[in-house]
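Open the model in your viewer and keep the selection box handy. We'll hop from one spot to the next, and at each stop I'll tell you what is there.

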Amino acid sequence: MNYDGIVLVAPTSFGYTKFSEFSSVWFAGGALQEMIAKTGIEKNQIDGLSISSFSLAPDTAPSVVERLGLTLRWLDDIPFGGASGIIAAKRAARTIQNGDANLIACIAADTLGPSDFEKLVANFSNATRDASFPYGAAGPNLAFALMTEGYMQKYGAEREDFAQISVEQRYNANHYPPALLGHKSLSTEDYLNARPVVEPLRLFDCVMPC
């Protein structure tokens, strides 16, 4: 599978703060504004949007389009958390190749207070919650630990293989000034010696809020 004719431009990080009074749509709008400024395009040239958020409510993906003043041919709503960047890029690329859009903005934005996040992970998925409730487990780490263990058993992967992901991600962050952890290095040894969360997952396998 190739991505001929696809160009990925204007990577943007906008306005991270631990707590904020602003909505997810406000952050999405800020990201869009910076993307437009970086590229010099006109907003009316954007005819596709991929939006990822756990906290859009009471807004929806269509209402985000309206509030941002966009006129689109294609819209995608992908509530997949940290995987959304890759999913959005792949779907956007295929959409452009198929002629359903020419220029797509891929944006993720969330605003969650401490109590909001607790509610979110407690209801990570009905299947996970119902299956794990008797054991007192909640949130995504348990589910991803089971997936990781299954992958390791099926393909013979070792923790050193997964270390490459975290180490390379941190290396990239070290070279991107807006990155949240861009000022900290991470070695393979740091990864392997980190405290366990849910075996085989350890600290640097998990996103910070989880």
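**First stop: D59 and its partner**

Select D59: at 17% relative accessibility it counts as buried, because buried means under 20% relative accessible area, exposed over 50%, and partly exposed in between (1.4 Å probe, protein chains only). Now add R67, whose side chain meets that of D59 in a salt bridge, 2.7 Å from N to O. A salt bridge here is a side-chain nitrogen of Lys or Arg within 4 Å of a carboxyl oxygen of Asp or Glu. R67 counts as exposed, at 53% relative accessibility.

Before going on, a word on what you're looking at. This is a predicted model, where local features need pLDDT of at least 70 and side-chain atom pairs count only at pLDDT 80 or more, while totals for chains, interfaces and linings use all residues. Residues are numbered from 1 along each chain as its sequence is written, and side-chain values use heavy atoms, with hydrogens and water left out.

**Zoom out**

Switch to cartoon view. The protein has eight helices and five strands; helices (H or I, at least four residues) and strands (E, at least two) are DSSP runs, numbered from the N terminus. Trace the chain from the N terminus and the elements go α-β-α-β-α-β-α-α-α-α-α-β-β. Of the 210 residues, 31% count as buried.

**Strand β1**

Next, select residues 48-52, which make up strand β1. How many of its five residues are buried? Five of the five are, so β1 is largely enclosed by the rest of the structure. Both faces are covered, with G48, S50 and S52 on one side and L49 and I51 on the other.

Now bring in what sits alongside β1:

- Strand β2 (residues 74-77) pairs with β1 in the parallel sense over four bridges; two strands pair if DSSP finds at least two bridges between them. Look for S50 opposite D76 in β2.
- Strand β3 (residues 104-108) also runs parallel to β1, and five bridges join them. Here L49 stands opposite A105.

Add helix α2 (residues 61-67) and you have a right-handed β-α-β unit made of β1, α2 and β2. Right-handed means that, with the strands pointing away from you, the path from the first strand over the helix to the second runs clockwise.

**Back to D76**

Keep D76 selected and add R91: they form a salt bridge, with the closest N and O atoms 3.0 Å apart. This pair links distant parts of the chain, R91 in helix α3 (residues 84-97) and D76 in strand β2, 15 residues apart. D76 is buried at 12% relative accessibility, whereas R91 is partly exposed at 36%.

**Helix α6**

Go to T148 in helix α6 (residues 140-155). T148 is buried, with a relative accessible area of 15%. Which residues is T148 in contact with, leaving aside neighbours within four places in sequence? They are F162, P200 and L201, where contact means heavy atoms within 4.5 Å.

**Another salt bridge**

Pick E199 and R202, whose closest N and O atoms are 3.4 Å apart in their salt bridge. E199 is partly exposed, at 47% relative accessibility. The count for the model comes to four salt bridges.

**Last stop: L180**

Finish at L180, in the loop between α7 (159-174) and α8 (188-192). At 43% relative accessibility, L180 counts as partly exposed.
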